[in-house]
Amino acid sequence: MREDGFTYIESLLSLVLFAIFVLVIQATLYTTMRERAERTAETQGQLLACSLLEQWKAGHTIDAGERENGGKRYRIRITPVRVTEMVEKCEVQVLWESEWTGERRIGFTGYRFTPAVSATPGE
């Protein structure tokens, strides 16, 4: 006499397949969240570096040091160099610590013209 329904083996197999499916989905979600956090930090670093460089180009003084942005601490390095008498160059580097890939770095370089200073007053 045979009853309709699932056997113990069939039930156990379906439970194992479901568990594997859940683990794959969980791993995919974890990887996606990690990549999103990495890209967000990278975007914030790029925006910070560009913003500082544009402020420098506009003639403002920018300071190196540390800043916090979006819950992440960024270190800022600024290297101004006089290229010629009328041209200055500035390299802005933004560094931050990534939980998964270690130290990350973004850098931009910009140039600006500086007005020529006359040697004697009235010229």
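This report describes the fold, surface, cysteines and one loop of a predicted model.

**Overall form**

The protein contains one helix and four strands. Read from the N terminus, these elements follow the order α-β-β-β-β. Helix α1 covers residues 8–57, while β2 spans 72–82 and β3 spans 87–98.

The radius of gyration is 28 Å, whereas a compact globule of 123 residues would have a value near 14 Å. Along the principal axes, the C-alpha atoms occupy a box of roughly 115 × 20 × 20 Å. Of the 123 residues, 20% are buried. Among contacts with a separation of 6 or more, 48% join residues that are 24 or more positions apart.

**Surface**

The exposed area of the protein is about 9500 Å², and 58% of that area comes from carbon and sulfur atoms. A nonpolar surface patch of about 940 Å² is built from Tyr8, Ile9, Leu12, Leu13, Leu15, Val16, Leu17, Ile20 and Val24. One of these patch residues, Ile20, belongs to helix α1. Ile20 is classed as partly exposed because its relative accessibility is 47%, and the partly exposed class lies between 20% and 50%.

**Cysteines**

How many disulfides does the structure hold? There are zero. The sulfur of Cys50 has its closest cysteine sulfur in Cys90, at 12 Å, so the two are too far apart for a bond. A disulfide would need the sulfur atoms within 2.5 Å. Seen from the other side, Cys90 is likewise in no disulfide, and its nearest cysteine sulfur is that of Cys50. The two residues also fall into separate accessibility classes: Cys50 is partly exposed at 33%, but Cys90 is buried at 0%.

**The loop between β2 and β3**

Glu85 sits in the loop that links β2 (72–82) and β3 (87–98). Is Glu85 buried or exposed? With a relative accessible area of 61%, Glu85 is exposed, since that class begins over 50%. Glu85 and Pro115 are separated by 30 residues in sequence, yet their C-alpha atoms are 8.9 Å apart in space.

**Accessibility of the residues discussed**

The table lists relative accessible areas with their classes.

| Residue | Relative accessible area | Class |
|---|---|---|
| Ile20 | 47% | partly exposed |
| Cys50 | 33% | partly exposed |
| Glu85 | 61% | exposed |
| Cys90 | 0% | buried |

Definitions and conventions: Residues numbered from 1 in each chain as written. Predicted model: local features only at pLDDT ≥ 70, side-chain atom pairs only at ≥ 80, totals over all residues. Heavy atoms only, no water. Patch = residues over 30% accessible without salt bridge, like charges linked within 9 Å, V, L, I, M, F, W, Y side chains within 5 Å. Areas by Shrake-Rupley, 256 points an atom, 1.4 Å probe, with all protein chains shown as cover. Salt bridge = Lys/Arg side-chain N within 4 Å of Asp/Glu carboxyl O. Helix = DSSP H or I, 4+ residues; strand = E, 2+ residues; numbered from the N terminus. Buried < 20%, exposed > 50% of the residue type's maximum accessible area, 1.4 Å probe, protein only. Rg over C-alpha atoms; globule rule 2.2 N^0.38 Å. Contact = heavy atoms within 4.5 Å.
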